[in-house]
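Here are my notes for a first look at this model. Please read them with the structure open.

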Amino acid sequence: MVPSIDEVEEYFQSLERFLTNSLAAASPGLPNIREAVHRLWVDISRFGPPGLPSFPDIHVPGLGAFEVPPPPPPPPPPRSLVEKAGDWIIEHPWKSSSIVVIALGAGLLAGYTTFNMTHAHKRRVRSTTVTPEKRQVVVVLGGDHPLGLPLIIELEQKGYIVITSVSTPEAVSSIESKGHGYVRALVLDPNEPGTIPTFLRSLASTLSRRFPITAAGDPYAATPYHPLLHSIISLLTLPIPSIHTAPTPIEQLSLRSTYLPHLLSTHFAPLQALQALLPLLRADAQRARGSKSIIVCLPAADARVGLPFGGVSAMSAAATLRALDVLRREVAVGQGMNSIRIVAVDVGVVGETPVSGLANSHAMDDWTPSEKATYGQAFTALRETSMGQSRRPEDISVLVNNIVGVVSAGTKTKMASKTICGICVGVGYEKIRDWIRGDRFAVGAGAGTYTLASFLPGMVLDGLLNLPHILVGVRNWLLPVPPAQPHTVPKVARSVPSSTAVSVVLPPSSLKVSRTPLVSHSSPPEAVAPVLEQTEPLSEPEDTSEHETGSEADFESNSGDGDASTVESSWVSLGSRGSTDEI
């Protein structure tokens, strides 16, 4: 019987399984036989007779796909932690060096901190039994300023002797009573230049006496602790709102009666005091170590930008600021003055909100009709936008803390005592901040805004300052009924028309101008004074060349410049009483 194809294939498969199982059972010994034969021939080749030719290599054929691979070698022993660390250090030399340096620095810092805290506690215990002698003197010019008293009290609490100037004798006892024996007030009226020498003599006498001033005994007894001038702070350069700082255009500004007194009190008087104190500060800087300082406070808006109608304070602040810049450069190149700093502080709105002169409804009463027509709308727009401002004043303590930081070089501020994990980081922070802001910084509400605005291009800054006038003008143009303009009533003395007046121009040698104002002819005859009753020669004959012609120039003349010859003061009425009554 012939087998079928399926039976033949099944037979071959069974035969293949039988051979595979037989070879799998006998194959583990075959590699060992091959290795044994190979070792035998190697030994015969090495240790056999010398004349025996070398035998050819005999390779026992393997089993091919059915050969079992040799077992893998045993794994290497695990590496220790020290070996791993050494390998990592070799592979990363920079990282390992940085870790070593950081660890060494942290160890030294921890040791120094522990040592310092231990000795600081011993010094603190020792200081409770011995009262230290105060030697550093801070001179505050303008102690009766609204910002002066908090600054004086804070400086005394920080361990300084404070000598301050006040403008009236009544303020001496008021300020000294607020202190604890280390505050001395001396009279210096910035409006009276004659009081400056007296103030300097009193200051020299005060520096030679003992403190506190409430101590019993001879105040001028010899003491080994001689007070040394440490810092000078000027608050006289911060103007207080007054008649001299009222907003007005420069065209209408009286230079002699308005600007000159303001310039004397806020520019000349502080600079004259600094001139006299600078030699003493230089001498004390060479005797004692540490940084000395001259701190001058200026209004931020006037020193940085200069707003419209604020020419009086802006010109004075600009002059003072330029003087400080020159003094700073002179101190930098001078011998023995490297430790003296000249610092300008731009002060914004601090403390109580000041009363702006723009709020005065009679600010334009003294303006001429031409000036009112020219500047009235812009002045009204500026007043409307300023009255609605909601800027919140900065607390006085912020200004005081910044000034104390400059005086003490950052060692006696509120931040100086800040510690993190027992490490004092406040002093370092204060020194870094002081280095960043330099010798001029801003404090107070709005001061930062004016500082940023001062870096803008002039065209952009002028456009921003003109925005109130433009916006109010657009509003008035859109209103159905324009807002009422301020009523202007020209004075009787200025109501004389040009047709009834003639300009009198005399030679400079005989020129005399009446200082008596013209009187209306409608008044009784007995009340009319002679026009040329009081005369005085002009001391500046060159002013006669500044006379203008025309009726408009007559109204725009400035009658408040003292001896300066003006157009209005040289008009003489030639009309009759009847013709005047018809006007």
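1. Start at Leu464, which sits in helix H15. The model is a predicted one. Leu464 has 44% relative accessibility, so this residue counts as partly exposed. Leu464 belongs to a nonpolar surface patch of about 900 Å².

2. Which residues join Leu464 in the nonpolar surface patch? They are Leu456, Val460, Leu467, Ile470, Leu471, Val474, Trp477 and Leu478. Helix H15 spans 458-465 and helix H16 spans 467-478, and each supplies at least two residues of the patch. H16 gives the most, with six residues.

3. Step back to the whole chain. The protein chain has 583 residues, and 31% of them count as buried. Its secondary structure comes to 18 helices and 13 strands. The accessible surface is about 35800 Å². Carbon and sulfur atoms account for 62% of that surface.

4. Sequence separation deserves a look too. Take the contacts in the protein chain with a separation of 6 or more. Residues 24 or more positions apart account for 68% of them.

5. Helix H10 is worth tracing from end to end. H10 covers residues 311-333, 23 residues in total. From its first C-alpha to its last, H10 reaches 33 Å, close to the 33 Å expected at 1.5 Å a residue.

6. What do the buried residues of H10 pack against? The partners are helix H8 (255-287), strand S5 (292-299), H9, strand S6 (340-347) and strand S9 (440-443). The buried residues of H10 include Gly311, Val312, Ala314, Leu321, Leu324, Leu327 and Val331. Asp325 is also one of the buried residues of H10.

7. Now look at Arg304, in helix H9 (residues 300-304). Is Arg304 buried or exposed? Arg304 counts as buried, because its relative accessibility is 16% and the cut-off for buried is under 20%. The Arg304 side chain makes a polar contact of 2.8 Å with the side chain of Asp346. Leaving out residues up to four places away in sequence, Arg304 touches Asp346, Arg440, Tyr450, Thr451, Ser454 and Phe455.

8. Next, the charged pairs. Side chains of opposite charge can pair when their charged atoms come close. A search of the whole structure finds 13 salt bridges. One of them joins Arg79 and Asp87, with the closest N and O atoms 2.4 Å apart. Arg79 is partly exposed, at 47% relative accessible area. Asp87 is partly exposed as well, at 31%.

9. Within H10, the side chains of Asp325 and Arg322 meet in a salt bridge of 3.9 Å, N to O. Why are Asp325 and Arg322 separated by about one helical turn? Because they are three residues apart in helix H10. An α-helix has 3.6 residues a turn, so residues three or four places apart point the same way. Asp325 is buried, at 17% relative accessible area, whereas Arg322 is exposed, at 55%.

10. A further salt bridge joins the side chains of Arg341 and Asp434 (2.8 Å, N to O). Arg341 lies in strand S6 and Asp434 in helix H13 (residues 426-437), so the pair ties together parts that are 93 residues apart in sequence. Arg341 is buried, with a relative accessible area of 17%.

11. Finally, connect these pairs. Arg322, Asp325, Arg341 and Asp434 are among the residues linked in a network of salt bridges. Arg328, Arg437 and Asp439 also belong to that network.

Notes
Residues numbered from 1 in each chain as written. Predicted model: local features only at pLDDT ≥ 70, side-chain atom pairs only at ≥ 80, totals over all residues. Heavy atoms only, no water. Patch = residues over 30% accessible without salt bridge, like charges linked within 9 Å, V, L, I, M, F, W, Y side chains within 5 Å. Areas by Shrake-Rupley, 256 points an atom, 1.4 Å probe, with all protein chains shown as cover. Salt bridge = Lys/Arg side-chain N within 4 Å of Asp/Glu carboxyl O. Helix = DSSP H or I, 4+ residues; strand = E, 2+ residues; numbered from the N terminus. Buried < 20%, exposed > 50% of the residue type's maximum accessible area, 1.4 Å probe, protein only. Polar contact = N/O pair within 3.5 Å; in protein donor to acceptor, adjacent residues only side chain to side chain. Contact = heavy atoms within 4.5 Å. Expected span 1.5 Å × (residues − 1).
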